Amino acid sequence: LGEKLSDERASKYIADYLELKNCQEVIKYNIEKRNEYLRKLKDIKGISKRQIARVTGLSEKIVERAMK
């Protein structure tokens, strides 16, 4: 991927990449597992931290901290 993804495509891509039913499932996991999933998303081109927050339902601050 190199182009910017729509939220709908990003949501599906994230779910497929993390092998989840949908990307909002990330919220259900404990902090360590959630942050592990978020760190995996760091290298995906075309998806910003803000967009990850938007499609997962997590706050931008949580996504930012997890990806450090």
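## Exercises on a predicted four-helix model

Leaving aside neighbours within four places in sequence, Glu60 touches Arg50 and Ala53, where contact means heavy atoms within 4.5 Å. The model is a predicted one, in which local features need pLDDT of at least 70 and side-chain atom pairs count only at pLDDT 80 or more, while totals for chains, interfaces and linings use all residues. Residues are numbered from 1 along each chain as its sequence is written, and side-chain values use heavy atoms, with hydrogens and water left out.

**Exercise 1. Determine in which helix Glu60 lies and how far its C-alpha atom is from that of Lys49.**

Solution.
Step 1. Glu60 belongs to helix H4; helices (H or I, at least four residues) and strands (E, at least two) are DSSP runs, numbered from the N terminus.
Step 2. Between the C-alpha atoms of Glu60 and Lys49 the distance is 7.0 Å, and the two residues are 11 apart in sequence.
Step 3. The relative accessible area of Glu60 is 43%, which makes this residue partly exposed. The classes are buried (under 20% relative accessible area), exposed (over 50%) and partly exposed (in between), with a 1.4 Å probe and protein chains only.

**Exercise 2. Describe the overall fold and dimensions of the protein.**

Solution.
Step 1. Count the elements: the protein has 4 helices and 0 strands.
Step 2. Read them along the sequence; the pattern is α-α-α-α.
Step 3. Compare the radius of gyration with the globule rule. The value is 11 Å, close to the 11 Å that the rule gives for 68 residues, so the protein is as compact as a globular protein of that length. The radius is taken over C-alpha atoms, and the rule is 2.2 Å times the number of residues to the power 0.38.
Step 4. Along the principal axes, the C-alpha atoms fill a box of roughly 30 × 25 × 15 Å.
Step 5. Consider burial and contacts: 38% of the 68 residues count as buried. Of the contacts between residues at least 6 apart in sequence, 58% join residues at least 24 apart.

**Exercise 3. Establish which residues of H2 are buried and how they are arranged around the axis.**

Solution.
Step 1. The buried residues of H2 are Arg34, Asn35, Tyr37, Leu38 and Leu41.
Step 2. They span an arc of only 155° around the axis, which puts them on the same side of H2. The arc is that of the directions from the helix axis to the C-beta atoms.
Step 3. Recall the general geometry: an α-helix has 3.6 residues a turn, so residues three or four places apart point the same way.
Step 4. Identify the cover. The buried residues of H2 are covered by elements including H1, helix H3 (49–56) and helix H4 (60–66).

**Exercise 4. Examine H3 and place Thr56 within its surroundings.**

Solution.
Step 1. In H3 the buried residues are Gln51, Ile52, Ala53, Val55 and Thr56.
Step 2. Their cover includes H1, H2 and H4.
Step 3. Thr56 is found in H3, and with a relative accessible area of 0% Thr56 is buried.
Step 4. Leaving aside neighbours within four places in sequence, Thr56 contacts Cys23, Gln24 and Ile27.
Step 5. Although Thr56 and Cys23 are 33 residues apart along the chain, their C-alpha atoms are separated by 5.4 Å.
Step 6. After H3 comes Gly57, with a positive phi near 90°.

**Exercise 5. Locate Glu19 and Asn30 and state how accessible they are.**

Solution.
Step 1. Glu19 sits in the loop between helix H1 (7–18) and helix H2 (31–41).
Step 2. The phi of Glu19 is positive, about 60°, although Glu19 is not a glycine.
Step 3. At a relative accessible area of 73%, Glu19 is exposed.
Step 4. Asn30 also lies in the loop between H1 and H2, and its 48% relative accessibility makes Asn30 partly exposed.
Step 5. The C-alpha atoms of Asn30 and Lys12 are 22 Å apart, with their positions 18 residues apart along the chain.

**Exercise 6. Characterise Arg65.**

Solution.
Step 1. Arg65 is found in helix H4.
Step 2. Its relative accessibility of 55% counts as exposed.
Step 3. Arg65 and Leu5 are 60 residues apart along the chain, and their C-alpha atoms are separated by 23 Å.
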